[in-house]
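Reader: I am in my first year and would be grateful for a close look at a single part of this structure. Could you take one strand and describe what surrounds it, then follow the connections outward?

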Amino acid sequence: MSRDRVDWDRYFMGIARAVASRSTCPRRSVGAVLVQGRDIRGTGYNGAPAGVESCDEVGCLMRDDHCIRAIHAEANLLLRTDARDREGATVYVTVRPCWACANLLANAGIASVVHEEEYWRDSGGVRALLAAAGVSMHYLDEEA
């Protein structure tokens, strides 16, 4: 009896979606998973710093149409993992990284980024930045 198995990209993205469910910012829930080989090395979601009241408790702190209270999922992921775990790894993130997170990922030893949703700001620029740093990026349903 044969059964359909989800491919690795969809498996890890499903975990990133589950991680996003921990988000404390009501504007957008984002989850990220760091994978080296086929081993999960860490996770991160967007939310307020530890010990700080979260957006879902006191509301978003808005500046220039951005919530500045929440730390992005990719930044939280990088803060909670070691450099050796990031070297050559893939980050699965539910939403394409913003400029700031792309800069962090480019400098963190990451080899590739797989995202599920587009982020409305400057997709081409972020893709070019990561490519210049030697980091591949693709949408989940694109060929890598």
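Author: Strand β1 (residues 31–36) and strand β2 (residues 39–45) run antiparallel and are joined by six bridges. This description rests on a predicted model. Within the pairing, L34 of β1 has G42 as its bridge partner in β2. The two strands make a hairpin with two residues between them, and G37, in the turn, has a positive phi of about 65 degrees.

Strand β1 also pairs with β5, again in the antiparallel sense, over four bridges. Here A32 stands opposite V93 of β5.

How many of the six residues of β1 are buried? Six of the six are, so the strand is mostly covered, buried meaning under 20% relative accessible area. In a regular strand the side chains alternate between the two faces of the sheet. In β1 both sides are covered: G31, V33 and V35 are buried on one, and A32, L34 and Q36 are buried on the other.

Strand β2 leads next to charged side chains. Side chains of opposite charge can pair when their charged atoms come close. D39 forms a salt bridge with R41, with 3.9 Å between the closest N and O atoms. D39 counts as partly exposed at 42% relative accessibility, and R41 is partly exposed too, at 36%. R41 forms a salt bridge with D85 as well, the closest N and O atoms being 4.0 Å apart. This pair links distant parts of the chain, since R41 belongs to strand β2 and D85 to helix α4 (residues 83–86), 44 residues apart. D85 is buried, at a relative accessible area of 15%.

Strand β5 (residues 90–95), the other neighbour of β1, leads instead to aromatic rings, for it contains Y92. Ring pairs join Y92 with W8, Y11 and F12 in a cluster. The model has four aromatic pairs by the rule applied. The pair of W8 and F12 is stacked, because the ring centres are 5.7 Å apart and the planes meet at 25 degrees, where under 30 degrees counts as stacked. Both residues lie in helix α1 (residues 8–20), four residues apart, about one turn of the helix. An α-helix has 3.6 residues a turn, so residues three or four places apart point the same way. W8 is partly exposed, at 37% relative accessibility, whereas F12 is buried, with a relative accessible area of 1%.

F12 also forms an aromatic pair with Y92, and this one is tilted, with 5.4 Å from centre to centre and 35 degrees between the planes. The pair links distant parts of the chain: F12 is in helix α1 and Y92 in strand β5, 80 residues apart. Y92 is buried, with a relative accessible area of 6%.

Y11, another member of the cluster, is found in helix α1 and counts as partly exposed at 40% relative accessibility. Together with V6 and W8, Y11 forms a nonpolar patch on the surface, with about 300 Å² of accessible area in total.

In summary, β1 pairs with β2 through six bridges and with β5 through four. From β2, a salt bridge connects R41 to D85 of helix α4, while from β5 an aromatic pair connects Y92 to F12 of helix α1.

Methods:
Residues are numbered from 1 along each chain as its sequence is written. This is a predicted model: local features need pLDDT of at least 70, side-chain atom pairs count only at pLDDT 80 or more; totals for chains, interfaces and linings use all residues. Side-chain values use heavy atoms; hydrogens and water are left out. Rings of Phe, Tyr and Trp (its six-membered ring) pair if their centres lie within 6.5 Å; planes under 30 degrees apart count as stacked, over 60 as edge-to-face and the rest as tilted. Buried means under 20% relative accessible area, exposed over 50%, partly exposed in between (1.4 Å probe, protein chains only). Two strands pair if DSSP finds at least two bridges between them. Patches are made of residues with over 30% relative accessible area and no salt bridge: like charges are joined within 9 Å, nonpolar side chains (Val, Leu, Ile, Met, Phe, Trp, Tyr) within 5 Å. Accessible areas come from the Shrake-Rupley method with a 1.4 Å probe; for residues, only the protein chains shown count as cover. A salt bridge is a side-chain nitrogen of Lys or Arg within 4 Å of a carboxyl oxygen of Asp or Glu.
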